[in-house]
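Okay, thanks for squeezing me in. Let me put the model up and then walk you through it.

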Amino acid sequence: MAYNSNNLSALTYANGFTLWHYKTADLAADVDTTGYFNEAASMLRIGDFIMANTAIDTTIASGVFIVKSNDGTSVDVSNISSFGLANTD
């Protein structure tokens, strides 16, 4: 699949930082590929956090991506830092 602008939402912003949310059926490994967020280059800034729910149609993976680089056309985010993996009940 590919980036879907309808699934990226700003949650809050202050002091040049934005906290985003993104949901997708794509795997986290696909989302963290350089260029995945290129269409959002005009909005994303280096250091922004993207809270994400990936693989929502299969085995959901949740976590945060950090925008590592953005030259105005090419965006790269970190690998997902996962959370919420444990569920012992």
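So, this is a predicted model, and I'd like to start at Ile50. What does Ile50 touch, leaving out residues up to four places away in sequence? Its contacts are Leu8, Trp20, Tyr22, Phe37, Leu44, Gly63, Val64, Phe65, Val67 and Val77.

Ile50 also turns up in the largest nonpolar core, a set of 18 residues. Along with Leu8, Phe37, Leu44 and Phe65, Ile50 is among the residues with the most contacts inside that core. As for who supplies the core, two or more residues come from each of these elements: strand S2, residues 17-23, helix H1, residues 28-31, and strands S3, S4 and S5.

Now the strands. Let's take S4, which spans residues 61-70, and go through its partners. S3, residues 49-54, runs antiparallel to S4, and six bridges hold the pair together. Our friend Ile50 comes back here, since its bridge partner in S4 is Phe65. Remember that Phe65 was also on the list of Ile50 contacts.

S4 pairs with S5, residues 75-77, too, again antiparallel, this time over three bridges. In that pairing, Val67 sits opposite Val77, and both of those valines are touched by Ile50. Then there's S6, residues 81-82, which is antiparallel to S4 with two bridges. There, Val64 faces Ser81.

On to the turns. The S4 and S5 hairpin has four residues between its strands, and Gly72 has a positive phi near 100 degrees in it. The S3 and S4 hairpin has six residues between the strands, and there the positive phi belongs to Ala55, near 55 degrees. Ala55 isn't a glycine, so keep an eye on that one.

Asn15 is another non-glycine with a positive phi, about 50 degrees. You'll find Asn15 in the loop between S1, residues 8-14, and S2.

So here's one for the room: is Asn15 buried or exposed? Asn15 counts as exposed, because its relative accessibility is 83% and the cut-off for exposed is over 50%. And Ala55, in the loop between S3 and S4, buried or exposed? Ala55 is buried, because its relative accessibility is just 3%, where buried means under 20%.

To wrap up, if you look at one residue later, make it Ile50: a core residue with Phe65 across from it in S4. And if you're scrolling through the loops, stop at Asn15, which is exposed, and at Ala55, which is buried. That's me done, thanks.

Conventions
Residues are numbered from 1 along each chain as its sequence is written. This is a predicted model: local features need pLDDT of at least 70, side-chain atom pairs count only at pLDDT 80 or more; totals for chains, interfaces and linings use all residues. Side-chain values use heavy atoms; hydrogens and water are left out. Two strands pair if DSSP finds at least two bridges between them. A nonpolar core is a set of buried Ala, Val, Leu, Ile, Met, Phe, Trp, Tyr and Cys residues joined through side-chain atoms within 4.5 Å. Buried means under 20% relative accessible area, exposed over 50%, partly exposed in between (1.4 Å probe, protein chains only). Contact means heavy atoms within 4.5 Å.
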